[in-house]
Amino acid sequence: MTKEEIKELMELFAKANVSKIKIKEQDGFEIELEKDLCCELPAPAPVVPAPQPINVNVVNETKTAPSSNKPTINSPMVGTFYQAPSPGAAPFAKVGQTIKKGSTIAIIEAMKIMNEIEAEYDCRIVEVLVADGQPVEFGMPLFVVEKL
């Protein structure tokens with residue numbers, strides 16, 4: 001084997017994913033190349049398990065307006081319903097409370113903006129239909145009221 005052939009063999013061996021090679025020729029020439037693969041190979045990528053499907057049951061727990069003919073105050077927008085101005089504060093309107101037209105009865109948060117919901121007329125709150133912090137849709141009944 002010539003020097004050039006040995007150099008070429010060493011370059012191929014360095015690139016190959018083998019740890020040992022031994023070549024014997026008939027004329028008695030022998031060459032053995034060995035390398036430690038534990039340090040040269042890149043660490044195998046961690047195996048990420050495939051995501052498991054999750055079964056989700058959506059339950060709409062909002063109450064619907066009773067079948068009585070009492071009027072309701074409905075949501076003017078889509079957002080999150082809040083009964084009080086801040087967590088732990090007293091609610092704007094309670095069942096049995098008399099409300100004057102234009103008084104704030106709730107807040108609906110839409111796009112990080114707090115929108116005060118006002119009574120459309122003088123009334124008494126008969127029932128609160130939406131729980132605090134629940135999402136509401138446009139036109140969804142929020143309160144059952146009795147007009148005064």
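What follows is a chat about the strands, sheets and largest pocket of a predicted model.

Reader: Let's get oriented. How many helices and strands does the protein chain have?
Author: This is a predicted model, so keep that in mind throughout. Read along the sequence, the pattern of the protein chain is α-β-β-α-β-β-β-β-β-β-β-β. The tally for the secondary structure is 2 helices and 10 strands.

Reader: What share of the residues is buried?
Author: The protein chain has 148 residues. A residue goes down as buried when its relative accessible area is under 20%. Buried residues make up 23%.

Reader: Take the sheet with β3 in it. What is the strand order?
Author: Go pair by pair. β3 is joined to β10 by 3 bridges, antiparallel. β10 (residues 141–147) also pairs with β8, again antiparallel, over 5 bridges. β8 (residues 123–128) goes on to pair with β5 (residues 98–99) over 2 bridges, and the order of this open sheet of 4 strands is β3-β10-β8-β5.

Reader: Which strands stand at the edges there, each with one side left without a neighbour?
Author: In the order β3-β10-β8-β5, look for strands with a single partner strand. Having just one partner, such a strand has one side left without a neighbour in the sheet, so the edges are β3 (72–74) and β5.

Reader: I'd like register details for β10. Which residue stands opposite valine 145?
Author: β10 has partners on two sides, so let's sort them out by the pairs. Toward β3, threonine 72 stands opposite valine 144, and asparagine 74 stands opposite proline 141. Toward β8, arginine 124 is across from glutamate 146, and the residue opposite valine 145 is isoleucine 125.

Reader: And at the β5 end, what stands opposite cysteine 123?
Author: Cysteine 123 belongs to β8. β8 pairs with β5 in the antiparallel sense over 2 bridges. The residue opposite cysteine 123 is isoleucine 99.

Reader: On to the sheet with β7. Which are its edge strands?
Author: This one is an open sheet of 4 strands with antiparallel pairing, in the order β7-β6-β4-β9. An edge strand here pairs on one side only. That gives β7 (113–118) and β9 (135–136).

Reader: Within that sheet, which residue of β6 does tyrosine 82 stand opposite?
Author: β4 (residues 79–82) and β6 (residues 104–110) pair in the antiparallel sense. They do so over 3 bridges. Across from tyrosine 82 in β6 is isoleucine 107.

Reader: Now the largest pocket. What is its volume?
Author: Tyr82 and Ile107 turn up again in the lining. The others there include Pro85, Pro87, Pro91, Met114 and Asp132. As for the volume of the largest pocket, it is about 160 Å³.

Reader: How does that lining divide into nonpolar, polar and charged?
Author: Gly88 is one of the lining residues, and Gly counts as polar. Asp132 lines the pocket too, and Asp counts as charged. The full split is 8 nonpolar, 3 polar and 1 charged.

Reader: Last one, on ring contacts. How far is lysine 147 from the ring centre of tyrosine 121?
Author: For a charge to sit over a ring, NZ of Lys has to be within 6 Å of the ring centre. Lysine 147 lies over the face of tyrosine 121. The distance from the ring centre is 4.6 Å.

Key:
Residues numbered from 1 in each chain as written. Predicted model: local features only at pLDDT ≥ 70, side-chain atom pairs only at ≥ 80, totals over all residues. Heavy atoms only, no water. 1 Å grid on protein atoms, 1.4 Å probe; cavity = no way out; pocket = protein on both sides within 12 Å on 5 of 7 lines; lining within 4 Å. Points joined across faces, edges and corners; volume = space filled by probe spheres on them. Pairing = 2+ DSSP bridges. Lys NZ or Arg CZ within 6 Å of the ring centre and 35° of its normal. Buried < 20%, exposed > 50% of the residue type's maximum accessible area, 1.4 Å probe, protein only.
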